[in-house]
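Q: I'm new to this structure and would like a close look at one part of it. Could you start at the ligand and then walk me through what lies around the barrel?

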Amino acid sequence: KANRLFHPEDSVFEVDGRKIGGSAFSVIAGPCSVESEEQVISVAKSVKASGASFLRGGAFKPRTSPYSFQGMGLDGLELLKLARKETGLPIVSEIMSTDVLDAFVEDVDIIQVGARSMQNFVLLKELGKCNKPVMIKRGLAATIEEWIMSAEYVMKEGNDRVILCERGIRTFETFTRNTLDLSAIPAVKKKSHLPVFVDPSHSTGMWWMVEPMAKAALAAGADGLMIEVHNSPEDALCDGAQSLKPEKFDQLMKVLKKYAQIE
Ligand code: PEP
Ligand code: MN
């Protein structure tokens, strides 16, 4: 179902009245993690003012260390809902386990599957049975074929609204947090009709690399971006070093708007 052989045209679908894929370009922006009401409302208002299409925010965080901040959980989802009410921006958040599936289906507009969960097949099958768009991030060491197969798991169950998001892969290079595989954009587009987004934040790990990589992703044919923005990156509980300040995000959006029709 994800294969372009059986579906020659690009997939285009709507999420809360916003077009994804085709001529549309989407920008998902927001903090790595929901930390407090003030934080998420402040970031939501600024990214909305800059023209973002969706608000992101992690409530359940897949952290390398069990001693790191694990996210606010369902309280975080409540704050995201509040931010959606204040700004009108639909929300994107990561699900880590099926035990909170009902809450995600009810409250989240695009359900994100994180890189570390890309091959959680139990989770993918359940997401395939729900009527919410799913964004699948590429696994840290996943091939393009494996990544598309994860989309297939969701689509096989009847859910066609799937987005793939390149977020960098593990290579020998340690300067950057990951290595952004820009060639994945045309590669996925050759093999599949699904929209492809790029996350220049997790792929580089450094805020000053976000703008050039965002531009490169757009030039390479991506259908959207996911960008981390924080009102006070130095105080962020997670991923401050790669988070843009609202002013920097605003500058980036001004550049992107020259070349893309941001929905
Ligand atoms: C995220 O987007 O918050 C995240 C944890 O990303 P990834 O799964 O790509 O590491
Ligand atoms: Mn993050």
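A: Let's start with the ligand: the shell around ligand 1 divides into three nonpolar, three polar and four charged residues (nonpolar is Ala, Val, Leu, Ile, Met, Phe, Trp, Tyr, Cys and Pro; charged is Asp, Glu, Lys and Arg; the others, Gly among them, are polar). Keep in mind that this is a predicted model, where local features need pLDDT of at least 70 and side-chain atom pairs count only at pLDDT 80 or more, while totals for chains, interfaces and linings use all residues. Residues are numbered from 1 along each chain as its sequence is written, with chains lettered from A and ligands numbered from 1 in the order in which they are written.

Who sits in that shell? Around ligand 1 you'll find Cys32, Gly58, Pro62, Glu94, Gly114, Ala115, Arg116, Lys137, Arg167 and His202 (C-beta, placed from the backbone, within 6 Å).

Now for the barrel. Eight strands close it, going round as E3-E4-E5-E6-E7-E8-E9-E10, with parallel pairing (strands, E, are DSSP runs of at least two residues and helices, H or I, of at least four, numbered from the N terminus; a pair needs at least two DSSP bridges). From one strand to the next, the twist averages 30°. Zoom in on strand E3 (residues 26–30) and strand E4 (residues 54–56): they pair in the parallel sense over two bridges. In this pairing, Ala29 stands opposite Leu55 in E4.

Helix H1 (residues 37–50) lies across E3 and E4 and runs at about 155° to E3 (axes are fitted to C-alpha atoms, for helices over the stretch in contact; angles run from 0 to 180 degrees between N-to-C directions). H1 also packs with helix H2 (residues 74–87), at an angle of about 35° and with the axes 9 Å apart. Their crossing is right-handed (near helix turned clockwise from the far one by less than a right angle). On the H1 side are Glu37, Val40, Ile41, Ala44, Lys45 and Lys48, and they meet Leu79, Leu80, Leu82, Ala83, Glu86 and Thr87 in H2 (C-beta atoms, placed from the backbone, within 7 Å). By class, that contact has seven nonpolar, one polar and four charged residues.

H1 has another partner in helix H9 (residues 246–259), packed at about 20° with the axes 9 Å apart. H1 and H9 are therefore roughly parallel (under 35 degrees; over 145 is roughly antiparallel, 65 to 115 roughly perpendicular and the rest oblique). The crossing of H1 and H9 is right-handed. Here Ser46, Val47 and Ser50 of H1 touch Pro246, Phe249, Asp250 and Met253 of H9, which gives four nonpolar, two polar and one charged.

One further helix pair: helix H4 (residues 121–128) and helix H5 (residues 144–156) have axes that come within 6 Å and cross at roughly 40°, so H4 is oblique to H5. H4 passes H5 in a right-handed crossing. Phe121, Leu124, Lys125, Leu127 and Gly128 in H4 meet Ser150, Tyr153, Val154, Met155 and Lys156 in H5, a contact of six nonpolar, two polar and two charged residues.

Note on methods. Contact = placed C-beta atoms within 7 Å.
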